[in-house]
Amino acid sequence: MQVSVKLGGHGPIQPTHPHHFGFINLTDKQRVEWNSRTVSTFHALLVGLFCLYILFFDDPVNEDPVWGDPTLVKTNVAITTGYLISDLLLIFYYWNAIGDKFFVVHHLAALYAYYYVLGEGMLPYFANFRLLAEFSTPCVNQRWFFEVLGYPRSSPPNMANGVAMAVMFFLVRIAVIPVYYGRMYTVYGTEAFYLVPWGGRVAWIGSSASVGRARSTIMAEVWEWCDHWRFVCESSAFSNMSVDFSRNATESPEACKAEVQGNIPHWLQGTLLRNGPGIFSLGETSYEHWFDGMALMTSFSFKDGEVTHRSRFLRSDTYKANMSANRIVVSEMGTMAYPDPRKNFIFKAITFLNHTVPDFTDNGASNFIKYGNEYFATSETNYIRKIDPVTLETQDKVDYLKYLPVNLASSHPHYDNEGNTYNMGTCIAEKGKTKYVVFKVPAHPDKDAVKKAEVVCTVPCRSLLTPSYYHSFGMTENYFIFIEQPFKLDILKMATAYMRGVNWASCLKFCPDENTLIHLIDRKTGKEIETKYYTGTMVVYHHVNAFEEDGHVVFDVIAYKDNSLYNMFYLSKLKQNPGFQDDAYVKPNYKRFVLPVKSDKDVAIGEDMVSLKYTTASAVKEKDGKLMCQAEVLCEGFELPRINYNNNGKNLRYVYGSIVDDSAVSKRIGKFDTETKTMVYWSEDNSFPSEPVFIPRPNGESEDDGVVLVSVTNYEPGHSCFLAVLDGITLKEVARANVKGQLYRDVHGFYIPKTD
């Protein structure tokens, strides 16, 4: 299933309580748009009511639609003309906030047409009839007001407005079309028609086309609401499905040929690896959090239009210890492992000491990393496990600490064109200092590339014992972007968690009153640039992309207003919400930040240093010289972003990801156009699609020329799980590979192209 809709251009900042977030707390650009939409609503109601009066009671105009007495129509058109002129001036003056070239064309075309009404007194019926469409404007504006006030789309006010918007749009912009064009047909070819000069006829037809463009824009918003409501209804059906996220997986280590429907492109030759939790209970013990489950690796190998599938559990030390004891004996972030009550005191004492200065798990259930020519299963600890990407057999265990000062490490590295890998880790309390470390693993054709790792730069932590948690970072040609967010690991609490009977995840501290620091690091010098950037409170897991343009560094992230996402994946929570609907869920915003790199020597306090015209993001200089950065919200409810990585670090247009409008568990994927702010969707009934992975076609003609690979889990009895191959341009299904056996929910994927 595939749908395309237009998304709102200026997204909201989501408050905890909508009534706590009024006009006074909006950004300057949001206030400009608020005022503009308020005037627009007042104008629409005024001229719309006047229009109705004329249609019902102005007999001269109704009897002669081309040359009837235009006195009342001129008054109504004059009001609209004044509004359009003032609105044009505001659009040009506040272009960064409300600028839209299509509305400029619309206004100019309407003014050109209104000249013939006001100056020549012609076409009064048709000019007035067009104003009937204004009745749909208040609902469109109200939708935006609800968004910036933080009302969920499923809230009663939003749903009521959505119904009103759909009904009103149909009545005044669709149902009236036969009446309007029927009246045009009755006067075509008459004497009155031929008295209209060519300029008037052009205005007549041109204004119709221009208003039609505005109609399509608003219709897209109506369609988005309708599609959202349709999907809410479909999502409720999931509550009737038997979906058990705590069910243990079964591995299929032998390669098995999948049944292919459709045609897989001949150029697609390689292997897609996917990683995620697979075992959730052992003996009498169970993991508490979905992310804690023991890793299950899955592969889909493509060769000459055929697909083979296999899966294996990661044979980590954690896996071996748990299996040997037939219980969970190695602690994970959300599950603290306690010894068998039947064990003696000495064994319990050793377990206690191990948790005071913890030796973390090597259960790499999050992603895969390529270092040199080797591949590793990874989570976010100091341990990674080398794997064979063909057979999925587990090989060597690697400890970062032997080669780098990092106790924790990101599972989302970056790669340059030379094959070097860049990653980040946190060094905790080494010589009395806690710092963030950016390191490089060089492209090494032989084994053991990790042993050649080197520190590129370090960033001091703003707090010794509470380093920021992070899951990814950004990289451009010349800079690293690191977000030090107010979501922190409390080291002292972690050291005492075992004795207090709590898990390590409870030691993650969210500080809503603190700002978020943005560190911009020069890749050549390894030093932070002098300018200090910060923004409001947010929690970021995934960077999307970053690039440089005209003295600015632009970077996109998926941002949440708090840390509640992690709690959504406790298995007890998933069992309580079989339909995955949770009132506490707050969907993320796709945010674009812009960091000016140019000197601020001659910049006044309070001045916005962002000079890029295509974004509403700002960076305002403050008294202490810091820049307060406000993001542009490109869209909402979008996660697990993937791009054409050949364009990483460039100003790309398309992003693929999971749609998480109403739940943290995605049931469809989308392709987002960052220029037009439109989204194309794909979904399959009663199924859960994984994070989409884009594979570019060799020598492709466009950025999105390629395919999108999606592992699709179906829990309905009698229905196969499959790998979907989607067209990267249209997001329509090209082929699917039905697998024998079951696929399982996972986290991230990594594609390895076949090399000659």
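What follows is a look at the aromatic rings in this predicted model and at two charged side chains that sit over rings.

Aromatic contacts turn up in quantity here, with 37 aromatic pairs in the structure. A pair of aromatic rings is described by how far apart the centres are and by the angle of the planes. Take Tyr469 and Phe487: their rings meet edge-to-face, with 5.7 Å from centre to centre and 70° between the planes. Tyr469 belongs to the loop between strand S17 (454-460) and strand S18 (474-475), while Phe487 is in strand S20 (residues 487-489), so this pair ties together parts that are 18 residues apart in sequence. Tyr469 is buried, at a relative accessible area of 16%, and Phe487 is buried too, at 3%.

Another edge-to-face pair is made by Tyr541 and Tyr560, whose centres are 5.7 Å apart and whose planes stand at 75°. Tyr541 comes from strand S24 (residues 539-549) and Tyr560 from strand S25 (residues 552-560), and the pair links distant parts of the chain, 19 residues apart. Both partners count as buried because each falls under the 20% cut-off: Tyr541 has a relative accessible area of 9%, and Tyr560 has one of 5%.

Elsewhere, rings join up into a group: Phe245, Trp290, Phe291, Tyr566, Phe569, Tyr570 and Phe688 are linked by ring pairs into a cluster.

Rings also meet charges. The charged end of Lys397 sits over the ring of Tyr383, 4.1 Å from the ring centre. In a similar arrangement, Arg523 places its charged end over the ring of Tyr422, at 4.9 Å from the centre.

Technical notes. Residues are numbered from 1 along each chain as its sequence is written. This is a predicted model: local features need pLDDT of at least 70, side-chain atom pairs count only at pLDDT 80 or more; totals for chains, interfaces and linings use all residues. Side-chain values use heavy atoms; hydrogens and water are left out. Rings of Phe, Tyr and Trp (its six-membered ring) pair if their centres lie within 6.5 Å; planes under 30 degrees apart count as stacked, over 60 as edge-to-face and the rest as tilted. Helices (H or I, at least four residues) and strands (E, at least two) are DSSP runs, numbered from the N terminus. Buried means under 20% relative accessible area, exposed over 50%, partly exposed in between (1.4 Å probe, protein chains only). A charge sits over a ring if NZ of Lys or CZ of Arg is within 6 Å of the ring centre and within 35 degrees of the ring normal.
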